[in-house]
Amino acid sequence: MSAPLGYDLIVQQLIPGYASLARLAVALLAVSPLASRPGAGVLVAGCGTGAELVEARAQRPDWQLTAIDPSAEMLDAAQKRLGSEGIQWRQTTVEALQADGCFAGALSVLVLQSLPDDGTKLAFLTALARSLEPGGQLVLVDLMAPERSPLQNQVDAAWLGFQRASGLEADQHNLAPLIQGLHPIGEARLTALVNAAGFSDPARIFQALDYEGFLLQRRP
């Protein structure tokens, strides 16, 4: 995905609680058994414009950060925002990174949702697990497919109401790339995929409407 004008503002208007997500994700990794070590290596997979990196630098300036994204435009925006000190920048995917067991922790925010469930999601998660040390943890945040209930229509309407109240126009031209072509899955499917990839069962750490965050740990 290229970096649309005003990306960060649009995502904050689109997702309830987005402004706190990076802070929460970094705080979770910062107290994990491996990434709590001084100078730990941490991977930000799909770094976008750098929200998680900004928070990581603020909370844990000792971390050795590797930021990857397949989009040159996103990487350029993040690099201009943060500079290069303490961050290794790579225009690549986690599948192509070839960094087996290199990281104590990883962050992946709003990435899995864009991958089709045709083996691509599993390949992404497997590569993330492989990049971690055994016992390393991943914070994963994505749009999830809701479990249908009689109240789901109200939840869907509330999401649109939240966007309007946040100032997001329904016809805003920058919105389409953020919500089209997504492939959300349910929690049962996510659990099956992360188990197959080498992670433990997901522990939910965040939920706002259909956006959910999970803490995963690579099995020994």
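**Cysteines, sheet, helices and salt bridges in a predicted model**

C102 is partly exposed, with a relative accessible area of 47%. In this predicted model, the other cysteine considered here, C47, counts as buried at 3% relative accessibility. A disulfide is a covalent bond between the sulfur atoms of two cysteines. A search of the whole structure for such bonds finds zero disulfides. C47 takes part in no disulfide, and the nearest cysteine sulfur to C47 belongs to C102, 18 Å away. The distance of 18 Å lies outside the cut-off, because a disulfide requires two cysteine sulfur atoms within 2.5 Å. C102 is likewise in no disulfide, its nearest cysteine sulfur being that of C47.

The strands were examined next. Seven strands form an open sheet with mixed pairing, in the order β3-β2-β1-β4-β5-β7-β6. Strands β3 (87-90) and β6 stand at the edges of the sheet, each with a single partner strand, so one side of each is left without a neighbour in the sheet. On average, and with direction ignored, neighbouring strands of this sheet are turned by 15 degrees against each other. The edge strand β6 runs antiparallel to β7 (residues 211-217), and five bridges join the two strands. Within this pairing, A203 has L215 of β7 as its bridge partner.

The loop between α9 and β6 contains F199. At 0% relative accessibility, the residue F199 counts as buried, because the cut-off for a buried residue is a relative accessible area under 20%. Which residues is F199 in contact with, leaving aside its neighbours within four places in sequence? The contacts of F199 are L125, L128, A129, L132, L138, V194, L216, Q217, R218 and R219. The C-alpha atom of F199 is separated by 18 Å from that of Q113, a residue 86 places away along the chain.

Two helices were considered for the placement of their buried residues. In helix α4 (residues 72-82), M74, L75, A78 and L82 are buried. These residues lie on the same side of α4, because they cover an arc of only 95 degrees around the axis. The elements that cover the buried residues of α4 include α1 (7-14), α3 (51-59), β2 (64-68) and β3. Just after α4, G83 adopts a positive phi of about 75 degrees. Helix α1, one of the elements covering α4, has buried residues of its own, namely Y7, I10, V11, Q13 and L14. The arc that they cover around the axis is only 160 degrees, which puts them on the same side of α1.

Charged side chains were then surveyed. The structure holds eight salt bridges, of which three are described here. One of them joins R37 and E133, whose closest N and O atoms are 2.7 Å apart. This pair links distant parts of the chain, since R37 belongs to the loop between α2 (18-30) and β1 (41-45) while E133 belongs to strand β5 (residues 132-143), 96 residues apart. R37 is partly exposed, with a relative accessible area of 37%.

Another salt bridge is formed by the side chains of R189 and D117, at 2.8 Å from N to O. R189 lies in helix α9 (residues 187-197) and D117 in the loop between β4 (103-109) and α6 (120-131), so this salt bridge ties together parts that are 72 residues apart in sequence. Both partners count as partly exposed: R189 has a relative accessible area of 39%, and D117 has a relative accessibility of 35%.

Helix α9 also contributes E187, which forms a salt bridge with R204, the closest N and O atoms being 2.5 Å apart. Because E187 lies in helix α9 and R204 in strand β6 (residues 203-208), the pair ties together parts that are 17 residues apart in sequence. E187 counts as partly exposed at 29% relative accessibility, and R204 is partly exposed with a relative accessible area of 40%. E187, R204 and E212 are joined into one network by salt bridges that share partners. The strand that holds R204 is thus described in two ways: β6 is joined to β7 by five bridges, and β6 is tied to helix α9 by the pair of E187 and R204.

Technical notes: Residues numbered from 1 in each chain as written. Predicted model: local features only at pLDDT ≥ 70, side-chain atom pairs only at ≥ 80, totals over all residues. Heavy atoms only, no water. Salt bridge = Lys/Arg side-chain N within 4 Å of Asp/Glu carboxyl O. Helix = DSSP H or I, 4+ residues; strand = E, 2+ residues; numbered from the N terminus. Buried < 20%, exposed > 50% of the residue type's maximum accessible area, 1.4 Å probe, protein only. Pairing = 2+ DSSP bridges. Axes fitted to C-alpha atoms, helices over the stretch in contact; angles between N-to-C directions. Contact = heavy atoms within 4.5 Å. Arc of directions from axis to C-beta.
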